[in-house]
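Here is a short report on one protein model. Look over the sequence and the fold, then read on.

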Amino acid sequence: MALSGMIEIFKDIQLDLMLILSGISGATALFMALSKSLTKERKLYLMLTELFTVILLLSDRAAYLYRGDESEYGYWIVRISNFMLFAMVLFIVWAFNKYLEIIVVDDIGLEKVPLRLKFTDWAVLAGTILLVISQFTGLYYTFDDHNRYLRSPGFMIGMIIPLGIMVLELTVIIQLRKRLRAGLFVSLVLFTTMPLIASILQLKLYGLSIINITIGILTCLLYLFALQDMNMIVNKARKIEIEYLKKESEGTRRLFTQTAEALASAIDAKDKYTKGHSSRVAEYSRKIAELAGKNQQECDEIYYAALLHDVGKIGISKNILNKNGKLTAEEYETIKQHPVIGSQILSSISESPYLSIGAQFHHERYDGRGYPEGLKGNDIPEIARIIAVADAYDAMTSKRSYRDAVPQQVVREEFVKCLGTQFDPEFGKLMIHLIDIDEEYQMKEKEEVKELAGKNELICKEYRSSVSEGIVISQNITRIRLTSVPDNGYPADYCIPSIILFDSLDARIHEDKKNAERLLYLEYGEIKFNGEVVCKAARKIKPLITRNEEAYQGERVIYEVEAVRVKDHLLIKIISDTAVIQVIMALPDSSRWTYIGLTGEHCHISNVSIKHDDLTVPETYIPRIAEEISYIDVPAGDIPNVQIDGYRSAATEGIALKNKLTIDFHTMSLPTARLVWHCPFISVYYSKDGRINGPGFHEYALIRLDGENWDSAEYATNKFTIDKIDDYYNWNDWKAKNKSGMDCTLSFRRKGNVITFKTENAGISITNVTTVNEDNGDIFVAISGDQCAITNIRIKEA
């Protein structure tokens, strides 16, 4: 009953459905005519399928409407409409076949159209001829006396021809399925299979136009699939084009970079004291630009300008550039011409005007006392102000004929002193921040060690006659692998590598007493690879040697060294086939650095490799052999005391800032502290757990009690004010007060996202107003610092 009911409903609506589908097909043909996304041939045959479908559906509808109409008008309408029904099916199949031929040739790339598709043209012609003949013979259908359509015995011939053509087309589609795009394949299969299914139903359900309505729906879908497929091709082509242009751009950029680097290397090679200078200045300039919030393009421009900032030295005599002594006034004036020469060279690159700007103005000073034009302040192009900072930093941290590289902390002091005079205050301050976070002093000229000379070997004669550059040891295990061979004529037991454990401002070993004092050189001890140890400044050394008596040791020995430091304890493991040597060293304190200097006696050390683990070891990793040195072993206040041995190495608990907040505490610089900024830092921040560097950490302000601050423009803006009040004498007095210890009071007031901070300590008055740019709700305060002890912390909330 349900099926028969659906059939009756379909009969009732099929005439309206034909009218709707014919309208859709006509509109589709119009849209197709206006479309520019399809090729002309493809558009033509798809339009023909739609137009033939319109005629098919309107003819079918007319045949139903005038069936049994015995008027003369009805007589002709019934005959013409039934003729058009059979003809349009053939023509639709033919147009679809032509569309399929285009796909086979253009999309798949076949040189020849398959014979099965060519056969279709003849089959359609034969079908058309038979259709005409049937009009006179009644082969397909006849009409009774009441002008009603009746199927003839030859009716099946009229159906088999178009359906047979579709079967042939389907075999071609299936054969080529792997070479057809998915959407296109689906549309072609639907168009050739659904009419076959509809024809089976049509045989059983006389009086319903299932085939014609199905074809009407499919021709509309065919265009939609074709349009989608063409859009996909266009998008793919666009992506390919974009990818090609991107690769071409990257290739051009890579070529430009390689050319610029080659030119920069040629410039640096002319001056034996500036090897790698241009590349380092370019890297430092990029880092400053990134911190200043520049976009990628601006950072790239600054990098390339810095890379070529000294190109004018090409025009300066090599004798002047490499002169060991002091330059004469005339020679100095010659040197001062290199920015002008550089600008003239680079000005010909019209596509990149920033290159000549960087070259011409990088020796201008913020106070107007630079050269070549004596520009002042913001009159100096920004790109040149950035390069000037990076250039000065590298000049100080690189070796020269008349001096060694300046220690980084001394360089920092020089930048603090020259803010607003030699350097742009903003970019100079960013350079200071880069120095602060460069805990392992990586931003410097990498000196090629004596005998090691940029290679992976060290030739040692007398003990300590050749020593490697310092290898920093931290809470991440450092792994050193090396091979040692004794000198000819010396016993193997006597010719062994050694390591020297030390600290100095420049991470190098100093035998000269004057340099040792100037660079705060401190030697903790020595460890020879046979287990002998020498304790110097270390508090205690405890060696443990496990020997493998059965192992044979030839002249060529491979050693693996593991070194790690946790606070004031150091663990060294030296592993070879014959022994495992473990040495625990108790250092004088937790604040100084620890470096390994690789040396030996009458041995050739080669195949040296150095790696640092990514993960830190736990604080219990090294067994203690001496008491921990603590400067906070006094009663605590409202929260635990904290000892900060290095730059922000520890911090207090986070204190929630709701409205008004006062924090009182006692601070004392550690005995190793020697610089102005070895003092407490105040951090204003947000994190999910309320701790510094906790999940979601955003720092809004970092204020140091010596009067410096750091803020992130991404999360907040700060207005910082510092005044020296009546009891301020000088920085030496300020450091002395820090050393002896002083009480501090911090005042905070929060109104929404605005935080006002005030404090006065040892003659320094600081006010900072922070405006937070985000709405996280919670804001926290914590005390950190560098080489100081924070005790007796008292918290008062209003």
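The report goes from the whole protein to one sheet and a helix.

## The model

This is a predicted model, in which local features need pLDDT of at least 70, side-chain atom pairs count only at pLDDT 80 or more, and totals for chains, interfaces and linings use all residues. Residues are numbered from 1 along each chain as its sequence is written, and side-chain values use heavy atoms, with hydrogens and water left out.

## The whole protein

The protein has 18 helices and 26 strands. Both are DSSP runs numbered from the N terminus: helices are H or I with at least four residues, strands are E with at least two.

Of the 798 residues, 49% are buried (under 20% relative accessible area, with a 1.4 Å probe and protein chains only). Take contacts between residues at least 6 apart in sequence: 71% of them join residues at least 24 apart. Contact means heavy atoms within 4.5 Å.

## A sheet of seven strands

One open sheet has seven strands, in the order β15-β26-β17-β22-β23-β24-β21. Their pairing is antiparallel; two strands pair if DSSP finds at least two bridges between them. β15 (642–644) and β21 (716–724) each have a single partner strand, so one side of each has no neighbour in the sheet.

Inside the sheet, β23 (residues 754–761) and β24 (residues 764–772) run antiparallel and are joined by eight bridges. Threonine 759 has isoleucine 766 in β24 as its bridge partner.

## A helix across the strands

Helix α18 (residues 731–740) lies across β17 (660–669), β21, β22 (742–751), β23 and β24. The helix runs at about 95 degrees to β17. Axes here are lines fitted to C-alpha atoms, for helices over the stretch in contact, and angles run from 0 to 180 degrees between N-to-C directions.

How values were computed:
Buried means under 20% relative accessible area, exposed over 50%, partly exposed in between (1.4 Å probe, protein chains only).
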